[in-house]
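Reader: Please take a close look at the pockets of this model, and describe what lines them. Some context on the chain as a whole would help.

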Amino acid sequence: DPSPQVQEFVQKYRARFAEVPDGLAALGYDAARILFQAVQRTGSLTGAELAAELAAVRDFPGVTGTISISPERNAVKPAVMLRIIDGRPSWVSTIPPR
């Protein structure tokens with residue numbers, strides 16, 4: 001993905017781990033950032049308070065796209081289309097959720 005936010009994440013990841021991050025690294029990074037912000041906002045580590053704060057996530061600017069949590073507590077976010085060229089993934093486009 002050519003977006004500046006994604007490219008910054010890739011550069012920092014490469015500098016720290018000497019390899020290109022995969023999709024799971026980016027998803028884990030976003031999940032951790034969402035959790036850390038919930039802890040900061042609640043000032044608590046109790047399950048009920050964190051669960052309520054996580055359920056309230058709307059329009060979080062993640063490296064994997066803008067993330068919101070649905071009433072069913074699923075992440076609503078863009079899908080990424082990749083093309084495999086010579087065994088390596090290549091970004092094609094990002095499809096926003098409906």
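Author: Of the 98 residues of the protein chain, 24% count as buried. The model is a predicted one, and the values below are computed from it.

The chain as a whole comes before the pockets. Its secondary structure consists of three helices and five strands. Along the sequence these elements follow the order α-α-α-β-β-β-β-β. Measured out along the principal axes, the C-alpha atoms fill a box of roughly 45 × 35 × 20 Å. The chain exposes about 7100 Å², and carbon and sulfur atoms supply 58% of that area. Among the contacts with a separation of 6 or more, 24% join residues that are 24 or more positions apart.

The largest pocket has a volume of about 840 Å³. Its lining is made up of 28 residues. Those that lie nearest the centre of this pocket are D1, V6, P21, G23 and L82. Both helices and strands take part in the lining: α1 (4-17), α2 (23-42), β4 (79-85) and β5 (88-95) each supply at least two residues. The largest share comes from α1, which provides six residues. By residue class, the lining of the largest pocket divides into 14 nonpolar, nine polar and five charged residues.

The second largest pocket has a volume of about 200 Å³. The residues that line this pocket are Q5, E8, F9, K12, Y13, R16, F17, Y29, R33 and V63. Two elements, α1 and α2, give two or more residues each to this lining. Here α1 gives the most, with seven residues. The lining of the second largest pocket contains five nonpolar residues, one polar residue and four charged residues.

Set side by side, the two pockets draw on some shared elements. Helix α1 provides the largest share of the lining of the largest pocket, and α1 also gives the most to the lining of the second largest pocket. Helix α2 supplies at least two residues to the lining of the largest pocket, and α2 likewise gives two or more to that of the second largest. Strands β4 and β5 are among the elements that each supply at least two residues to the lining of the largest pocket, whereas the elements that reach two or more in the second largest pocket are α1 and α2.

Notes:
Residues are numbered from 1 along each chain as its sequence is written. This is a predicted model: local features need pLDDT of at least 70, side-chain atom pairs count only at pLDDT 80 or more; totals for chains, interfaces and linings use all residues. Side-chain values use heavy atoms; hydrogens and water are left out. On a 1 Å grid over the protein atoms alone, a cavity is a set of points where a 1.4 Å probe fits but cannot get out, and a pocket is an open set with protein on both sides within 12 Å along at least five of seven lines; lining residues have an atom within 4 Å of a point. Grid points are joined across faces, edges and corners, and a volume is the space filled by probe spheres set on the points. Helices (H or I, at least four residues) and strands (E, at least two) are DSSP runs, numbered from the N terminus. Ala, Val, Leu, Ile, Met, Phe, Trp, Tyr, Cys and Pro count as nonpolar, Asp, Glu, Lys and Arg as charged, and the others, Gly among them, as polar. Buried means under 20% relative accessible area, exposed over 50%, partly exposed in between (1.4 Å probe, protein chains only). Contact means heavy atoms within 4.5 Å. Accessible areas come from the Shrake-Rupley method with a 1.4 Å probe; for residues, only the protein chains shown count as cover.
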